[in-house]
Amino acid sequence: MSVEFIPPSNSPEKLPKNLSLESTLKDLAVLNFQVEASSLAKEVARFFQAHPLLPGVILTVKGEFLGMISRRRFMERMSRPYGLDTFAGRPIMALYQIAQTDILILPGVALIVVAAHRAMQRQPELLYDPIVVQLEPQVYRLLDVHQVLVALSQIHQQATGYIRELYYNLAVTQAELEAANSQLQSANSELYRLANSDGLTQVANRRCFNEYLEKKWQELGEAAAEISLILCDVDFFKKYNDTYGHQAGDACLQQVAQAILEAVNYSAGEVAGETLVARYGGEEFAVILPRTSPEIAVWIAEKIRVWIKELKIEHANSEVCSLVTLSLGVASTFPSIVRSTKKLDCSGRPRALSS
């Protein structure tokens, strides 16, 4: 039997202290336990008993990756009636062919937050199977999924309660696992928010804008309700950056985004909960206004224009005035499920506003 086992330099209880949203699976402790598929199952069982923290075993054929069997699945098969008699003296390949399931294989450069989300999307019975990490071609290691969850809790402190509960519930019943999984969805919603927010301005990003517009287009199309869109562009922003520098430009965009958000929330009335403010491009912002008439949309756009001007952000080289201003365009229509959202800018009654 050919067995290679290299204990990790750090354990799940001693995670690196500098984990961040950019941390990858390479930053965590991976286990190197692999055997040839021709090895006897009883030898693998002895190795599991000698190393109780091993989450599984990687199988190879002449050094080439074949697959993985989790510790739980291996012990489950061996402990069944006649399981020991059936598999102990046979190559582990025989047990693998019966117990084989879908394996989550991720590259070592995968983000920890992405890996945790992918792991939680698996079927309940696979929820705690280890992750196979591919460090480079034909170099595979095992990663205990619980270590990923603990790392996620360190990165996202607001999810600590959910992650800690999952981490200590290793022996819970299927019903308890399903209940814990529903709690983890709350943590995943925070991850979704991060993935759909613009890093600089903290409003929605372009991806979120596209998805939300498509969703509301279908929803309002079925309800025969109107939708309006406001596009906002900071006037002569390149000159602003050239004059004051990119750091000041970033600060300017942050103030503009916050002012747009506050103006929309203040003005949208009863549909405020359905509106979306997004960074559409470099200095461009967009506002989705479901169930909003063109008249109301123009009124909201005017509020945005005034609020931005009242920020009184100096812009000495603006061709409009000496302050940062916005140019805005408004379009409204009744969505149709047979017409693309790209038709919004020409199917409604567009209006333009400028400071």
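**Packing, aromatic pairs and salt bridges in a predicted model**

F237 is buried, its relative accessible area being 7%; the classes used here are buried (under 20% relative accessible area), exposed (over 50%) and partly exposed (in between), computed with a 1.4 Å probe on protein chains only. The structure is a predicted model, in which local features need pLDDT of at least 70 and side-chain atom pairs count only at pLDDT 80 or more, whereas totals for chains, interfaces and linings use all residues. Residues are numbered from 1 along each chain as its sequence is written, and side-chain values use heavy atoms, with hydrogens and water left out.

F237 forms a stacked aromatic pair with Y240, with 6.0 Å from centre to centre and 5° between the planes. Rings of Phe, Tyr and Trp (its six-membered ring) pair if their centres lie within 6.5 Å, and such pairs are stacked when the planes are under 30 degrees apart, edge-to-face when over 60, and tilted otherwise. Both F237 and Y240 belong to helix α10, where three residues, about one turn of the helix, separate them. Helices (H or I, at least four residues) and strands (E, at least two) are DSSP runs numbered from the N terminus. Y240 has a relative accessibility of 6% and therefore counts as buried.

Y240 is also among the residues in contact (heavy atoms within 4.5 Å) with H315, a set that further includes D235, F236, K239, Y244, C321, S322, L323 and V324 once neighbours of H315 within four places in sequence are set aside. H315 is located in the loop between α12 and β11, and its relative accessibility of 0% means that H315 counts as buried. A polar atom of the H315 side chain lies 2.9 Å from the backbone oxygen of F236. A polar contact is a pair of N or O atoms within 3.5 Å; within protein, one atom must be able to donate a hydrogen and the other to accept it, and residues adjacent in sequence count only if both atoms are side-chain atoms.

The largest nonpolar core comprises 31 residues, and I230, V256, I260, V264, I304 and L326 have the most contacts inside it. At least two residues of this core come from each of β8 (227–234), α10 (237–244), α11 (246–267), β10 (284–290), α12 (294–310) and β11 (326–333). Helix α11 contributes the most, with eight residues. A nonpolar core is defined as a set of buried Ala, Val, Leu, Ile, Met, Phe, Trp, Tyr and Cys residues joined through side-chain atoms within 4.5 Å. Residues up to four places away in sequence not being counted, I304 touches I230, I260, A263, V264, V287, L326 and L328. Another core, of 25 residues, lies apart from the largest one and has L31, L54, V57 and I69 among its members. In soluble globular proteins, nonpolar side chains tend to be buried together.

By the ring criterion, the count of aromatic pairs comes to eight. The ring centres of F33 and F47 are 4.6 Å apart with their planes at 20°, so this pair is stacked. Because F33 lies in strand β2 (residues 32–36) and F47 in helix α1 (residues 41–50), the pair ties together parts that are 14 residues apart in sequence. F33 counts as buried, at 0% relative accessibility. Ring pairs further link F33, F47, F48 and F74 into a cluster. Strand β2 and helix α1 also help to cover the buried residues of α4, as do β3 (56–61), β4 (64–70), α2 (71–79) and α3 (83–87). The buried residues of helix α4 (residues 92–99) are I92, A94, L95, Y96 and A99.

Across the whole structure, 13 salt bridges are found, each being a side-chain nitrogen of Lys or Arg within 4 Å of a carboxyl oxygen of Asp or Glu. In helix α1, R46 and E43 are three residues apart, about one turn of the helix, and their side chains meet in a salt bridge at 2.6 Å, N to O. R46 is partly exposed at 46% relative accessibility, as is E43 at 29%. A salt bridge also joins E76 and R80, with 3.2 Å between the closest N and O atoms. In helix α9 (residues 206–223), R207 and E211 are four residues apart, and the closest N and O atoms of their salt bridge are 3.4 Å apart. K216, E219, E274 and R291 are linked in a network of salt bridges.
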